[in-house]
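Reader: I'd like to go through this model with you, starting with how the strands are arranged and then moving on to contacts between chains. Could you put it up so that we can both look at it?

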4 protein chains.
Amino acid sequence: MIKAGIIGATGYAGSELVRLLLGHKETEIVWYGSRSYVDKRYADIYQNFFKLVDAKCMDDNMEALADEADVIFTATPQGLCASLINEGILSRAKVIDLSADFRIKDVKKYEAWYGIPHKAPQYIEEAVYGLCEINREEIKKARLVANPGCYPTCSTLSIYPLLKEDMIDSSTIIIDAKSGTSGAGRGAKVDNLFCEVNENIKAYGVASHRHTPEIEDQLGYVCGQEVLINFTPHLVPMNRGILVTAYASLKKEVSYEEVKAAYDKYYEKETFVRVLDRDVCPQTKWVEGSNYVDVNFKIDPRTKRIIMMGAMDNLVKGAAGQAVQNMNLLFGLKETEGLLQIPMVP
Amino acid sequence: MIKAGIIGATGYAGSELVRLLLGHKETEIVWYGSRSYVDKRYADIYQNFFKLVDAKCMDDNMEALADEADVIFTATPQGLCASLINEGILSRAKVIDLSADFRIKDVKKYEAWYGIPHKAPQYIEEAVYGLCEINREEIKKARLVANPGCYPTCSTLSIYPLLKEDMIDSSTIIIDAKSGTSGAGRGAKVDNLFCEVNENIKAYGVASHRHTPEIEDQLGYVCGQEVLINFTPHLVPMNRGILVTAYASLKKEVSYEEVKAAYDKYYEKETFVRVLDRDVCPQTKWVEGSNYVDVNFKIDPRTKRIIMMGAMDNLVKGAAGQAVQNMNLLFGLKETEGLLQIPMVP
Amino acid sequence: MIKAGIIGATGYAGSELVRLLLGHKETEIVWYGSRSYVDKRYADIYQNFFKLVDAKCMDDNMEALADEADVIFTATPQGLCASLINEGILSRAKVIDLSADFRIKDVKKYEAWYGIPHKAPQYIEEAVYGLCEINREEIKKARLVANPGCYPTCSTLSIYPLLKEDMIDSSTIIIDAKSGTSGAGRGAKVDNLFCEVNENIKAYGVASHRHTPEIEDQLGYVCGQEVLINFTPHLVPMNRGILVTAYASLKKEVSYEEVKAAYDKYYEKETFVRVLDRDVCPQTKWVEGSNYVDVNFKIDPRTKRIIMMGAMDNLVKGAAGQAVQNMNLLFGLKETEGLLQIPMVP
Amino acid sequence: MIKAGIIGATGYAGSELVRLLLGHKETEIVWYGSRSYVDKRYADIYQNFFKLVDAKCMDDNMEALADEADVIFTATPQGLCASLINEGILSRAKVIDLSADFRIKDVKKYEAWYGIPHKAPQYIEEAVYGLCEINREEIKKARLVANPGCYPTCSTLSIYPLLKEDMIDSSTIIIDAKSGTSGAGRGAKVDNLFCEVNENIKAYGVASHRHTPEIEDQLGYVCGQEVLINFTPHLVPMNRGILVTAYASLKKEVSYEEVKAAYDKYYEKETFVRVLDRDVCPQTKWVEGSNYVDVNFKIDPRTKRIIMMGAMDNLVKGAAGQAVQNMNLLFGLKETEGLLQIPMVP
């Protein structure tokens, strides 16, 4: 049994990790870390785990945790993982960081977009970006995995086959994304109150959201050149789900079949990426609670652009599910272990 | 492997059966029955099953189905199961009827409340009411199981320990229930449109809802006398979940501990009924997607009444989950097989 | 023009007062009080008022305000109005208190249920309970109006005609109420986050909610004897609306027509209480954004009980609308002035 | 008093017309047309009008209606208005058509996108496109007004000042729009059921939505050349509201102040278009129930694009409110009469 510790277990991504790991046959959770709730019963915070979890919350002592765990998940705000990590920890446990600390290779870029100094730049190069469908082999060998952001996961998977196949002009990419409110976390903020979010939609972080450079980096690696994009996230009155609607100009005239073949080339063998049938638009409901990403596209011959769409559950494939997928790779388990939940409809 | 057939597979309860049975290790679905969608791919109706289910929809030929299946689930409107069932079918396959056809032992009462003649009254006596926590042993021996209604399941489980222990006056029971909209089915009706349900709450079927006699029957068996209740269901703007708030006068002064002991007496060994900690109110979110029923109570010494509360997922414990639990009992499997999904929050 | 000041203008009830008073022909708002946002532009907090309100937020200096205003609305937590009010203020301005401070005549009862000492008990007797349909004449002469709570308004109006006409047994009253989330206020609490409320329903304050004694008092005045009730509020995933479902035993056999006549006797001339047609259940959506209360009932001959139902907008008739209605009475204006908004559907 | 008749009064846009016209001082509704509900009381369909509207529904006899009404609103599916209109009607009553029949000047384009033959092409040229902020003077003189579509209204108002001022490249415009579900109408369709829409978001009509040519036409008139755009609408789980997020490449480097000045140039004197403060993103909630459109923009110097945003209530400014605004212009009334409802929050 792999012993797993979670720092930040009382956030939404943390509690989703608990849900998934409890259903994972090869894992045992040994540490429910939550600075805000130390010594409180975990199941008193998340009553869905009543009678299923007996443990109390621990603090975020990563040193002590590294002695007890084989793998540490940090589901915490930016900066925390980088401030705690060190060689001693990495020599004893694998670390999967769900924050942004090790996603961006250029430390200056990180510090500019996140507005904080990076406390452990020496580990940035070593860290592997944990988008399993792209970096599978490198993840297997890693000590430190930078679990991708929710928007970057859905955006990159929706777009990269066409970029890789040189079908779209990388300078024309516009990503309009919509997210459920769990992505905003469980902090008590007026903006996230029910009455503020319900019956409402808004854009936020326009031309300034921190996931922008992360997406640009990943798309840049794919096409081998710097990519600048527009990325606009929106807050939608639902709990879970991210929908990406991306636009790009086609480099040449392509048929439906050619584009479909491009997607299939990369995803045919992927369990968790489903290329939908012709003219079927992804919907977040169809992947809710699961690790699937549904993608599809539509060619617009009038404007010579293509619309690429992707839907996933931000807490699963966009956070905890992908983290478990990374854990499976790190420990040589079946990649899908504990992740075959069927989407829940309605 | 148990071969399962579903009649009414494209309703919400039917599709939930598919979700649960696909995750059940001992079962294989051999028949996706749906009169409205014959020959259409099932995964085209419920896209969450894309790449997970290849089958096409079949009609509701129960005779043919009985040749192929070991168990038949009928997730159809009242009257259909009774109109199709016969000795030949029951000799070949077990039948779990999710409709109300075999729940009420008094055929006159059935016909009065449902307004249709009963087509197979000869099987009413044989049918076992499939509330597993109460009728476990009889279910194991049954050929025909009447899967309980959603409201009756939640109401009965919330109330019966106190009735059984003679703590409450059976003539004073009032049940005020609230349900998510999936309980109303997938039929295209104006009343169930998003814009009619969202930002709205209403009572319906006041003093006339068909689940009333079913609850009265079950509570009557418990206390050995006829019970008349008030039952008022409400439609709530959410997809899943039933919350029952029930009121009754206490027969004598009781302490918290005594009442708690009464609940524990019946539920301590039950996996799927969780008696919550003192002063914690059940919430539907905490059981969403799972087969759990959370119950609790509050004594009001001022009015000498007790408030009994229960929360469950109407599509799981209130329909498909309980049906699978019944199937497990019928076939001698572990009762919890395929039913240990952890509630999904948020 | 009546000059109005609002203390607590940035809460949901306060902002609803602003919405209503801006549309009121005889009123001008001279003070937007909000301790938390002093010197911030009011329209920066509530952007719906962009270009409609230029004022900045002021503190809650009731003394200064009394010099500038003819009427002061206190839309603040319990205790504040009682701690600020004095003879000087009351001699200069009318006060309409939307908190509970002056609703309950027995100061001991207030202190027991609210858990705070009452700072101005000398004004309790003078204060008039501002349920306009019942206390219209006394309100007209008042200096200090205790604006009723949301649940008590809807509960009392749903029940009192039958109590007054001696049709129901006052010892059997059970009120099961459901409220939208704006009733919980705009404070930043985890329990009121979108993801906690959405797709969820729960009871709260069971057998202990502070509106219980307020309802009991009002029903007691009606029937001339002490009344004890069960009152259970529930939180519903919608912004606005309260639905009351109340139960009581009938004292004698009554016909639909007799009960209808009882309601009509009290409400036929009331603009804001609508007794619906036979068998039509009140829905919160049908009164959203308006000052109407829709009531109706259903006799259950089986149990000899009656189910009384009421729906209203908790922020309008349950708070700000009723406060404006009281203001209209206090100043001799047409009672409906500024309050004839038509419910918004969908 | 202007006598108004409504054909299609039981759709969502029709009922919103009723709500607005009842609050309009110079208008009286003389005809509630609804083919599906002929002879039923209108207030039985929309219970919010209980005690406010006594009338019964009439059929859609436009000839008879023209005798009784000064203005006819057709809130009906495409094709109906064109099939009924004739010289006799237009000589007796003004017609405001809320369908698409007279919005597109090129009949071939209309027939291609809508897939039906146009029954009254002879009136297309005469019809005035009723976007009041742009075509105010022509509307005043019209007999037949083509009330703009919801998406085109919000899109055009968000974009046209920058196009007019030649700041953006018309070949780069991409519009990503999000709408509440009332835009889908009140027809009983599975896709619009609560359980299908709630907790879900999807794109629809990708690269093929019928509002595309309407937007292209309007933007084309502004810049004097043919414009091709990408337009992608999305269905959001809320009742009301449209949010437009539009992207375009800047033709030259511009400052915040220059762009702000461009918007102000066109909207400073407009009551219903509010250009928000710097960095404030429009939210649909802030305009709910009102005729306002909130617009704003964000320059992205990295990509040399500008993001233009607009929010409005699809049933008010996007349908019934704009129709009343057009009526006010047609009859020489104050343009804002009956339209100054303050947005309802929360």
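Reader: How many bridges join β11(B) to β12(B), and do they run parallel or antiparallel?
Author: This is a predicted model, and in it β11(B) and β12(B) run parallel, joined by three bridges. To give you one pair to look for, Arg274(B) has Asp294(B) as its bridge partner in β12(B).

Reader: And what order do the strands of that sheet in chain B have?
Author: The sheet is an open one of seven strands with mixed pairing, and its order in chain B is β8-β9-β7-β10-β13-β12-β11. The edges are taken by β8 and β11 (273-275) of chain B, each of which has a single partner strand, so one side of each is left without a neighbour in the sheet.

Reader: Let's move to chain D. Which way do the residues of β3 (residues 71-74) point, and are they buried or exposed?
Author: Val71(D) and Phe73(D) point one way from that strand, while Ile72(D) and Thr74(D) point the other way, and all of them are buried.

Reader: What does β3(D) pair with?
Author: With strand β1 (residues 2-7) of chain D, β3(D) pairs in the parallel sense over four bridges, and Phe73(D) is the bridge partner of Ile6(D) there. Four bridges also join β3(D) to strand β4 (residues 94-97) of chain D, again running parallel, and in β4(D) the partner of Thr74(D) is Asp97(D).

Reader: Changing topic, how many salt bridges are there over all chains?
Author: The count comes to 112 over all chains. One of them is between Glu16(A) and Arg240(A), whose closest N and O atoms are 2.7 Å apart.

Reader: Where do Glu16(A) and Arg240(A) lie?
Author: Glu16(A) is in helix α1 (residues 12-22) of chain A, whereas Arg240(A) is in the loop between β9 (230-235) and β10 (242-249) of chain A, so the pair ties together parts that are 224 residues apart in sequence. Both Glu16(A) and Arg240(A) are buried.

Reader: What about Arg136(D) and Glu270(D), how far apart in sequence are the parts they tie together?
Author: The side chains of Arg136(D) and Glu270(D) meet in a salt bridge at 2.7 Å, N to O. Arg136(D) belongs to helix α7 (residues 132-140) of chain D and Glu270(D) to the loop between α11 (256-267) and β11 (273-275) of chain D, so the parts tied together are 134 residues apart in sequence. Arg136(D) and Glu270(D) are both buried. Going back to chain A, salt bridges that share partners join Glu16(A), Arg19(A), Arg240(A) and Asp313(A) into one network.

Reader: And in chain C, what does Asp217(C) form a salt bridge with?
Author: Its partner is Lys109(C), with the closest N and O atoms 2.6 Å apart. This pair also links distant parts of the chain, since Asp217(C) lies in helix α10 (residues 211-223) of chain C and Lys109(C) in helix α6 (residues 107-114) of chain C, 108 residues apart.

Reader: Why does Asp217(C) count as buried, and why does Lys109(C) count as partly exposed?
Author: Buried means under 20% relative accessible area, and Asp217(C) counts as buried because its relative accessibility is 9%. Lys109(C) counts as partly exposed because its value is 26%, and partly exposed is the class between buried and over 50%.

Reader: Now the interface of chain B and chain C: how much area is buried there?
Author: About 4000 Å² is buried between chain B and chain C, with carbon and sulfur atoms giving 56% of that area. On the side of chain B, the residues that lose the most area to chain C are Glu199(B), Ile201(B) and Arg302(B), together 18% of what that side buries. The contact involves 47 residues of chain B and 47 residues of chain C.

Reader: How many salt bridges and polar contacts cross between chain B and chain C?
Author: There are four salt bridges across that interface, including one in which the side chains of Asp176(B) and Lys178(C) meet at 3.0 Å, N to O. For polar contacts, the count between chain B and chain C is 30 residue pairs, both residues being at pLDDT 80 or more. The largest share of the side of chain B that touches chain C comes from β7(B), with four residues, and by class that side has 22 nonpolar, 13 polar and 12 charged residues.

Methods:
Residues numbered from 1 in each chain as written. Chains lettered and ligands numbered in written order. Predicted model: local features only at pLDDT ≥ 70, side-chain atom pairs only at ≥ 80, totals over all residues. Heavy atoms only, no water. Contact = heavy atoms within 4.5 Å. Buried area = accessible area lost by both parts, 1.4 Å probe. Polar contact = N/O pair within 3.5 Å; in protein donor to acceptor, adjacent residues only side chain to side chain. Helix = DSSP H or I, 4+ residues; strand = E, 2+ residues; numbered from the N terminus. Nonpolar A, V, L, I, M, F, W, Y, C, P; charged D, E, K, R; others polar. Buried < 20%, exposed > 50% of the residue type's maximum accessible area, 1.4 Å probe, protein only. Pairing = 2+ DSSP bridges.
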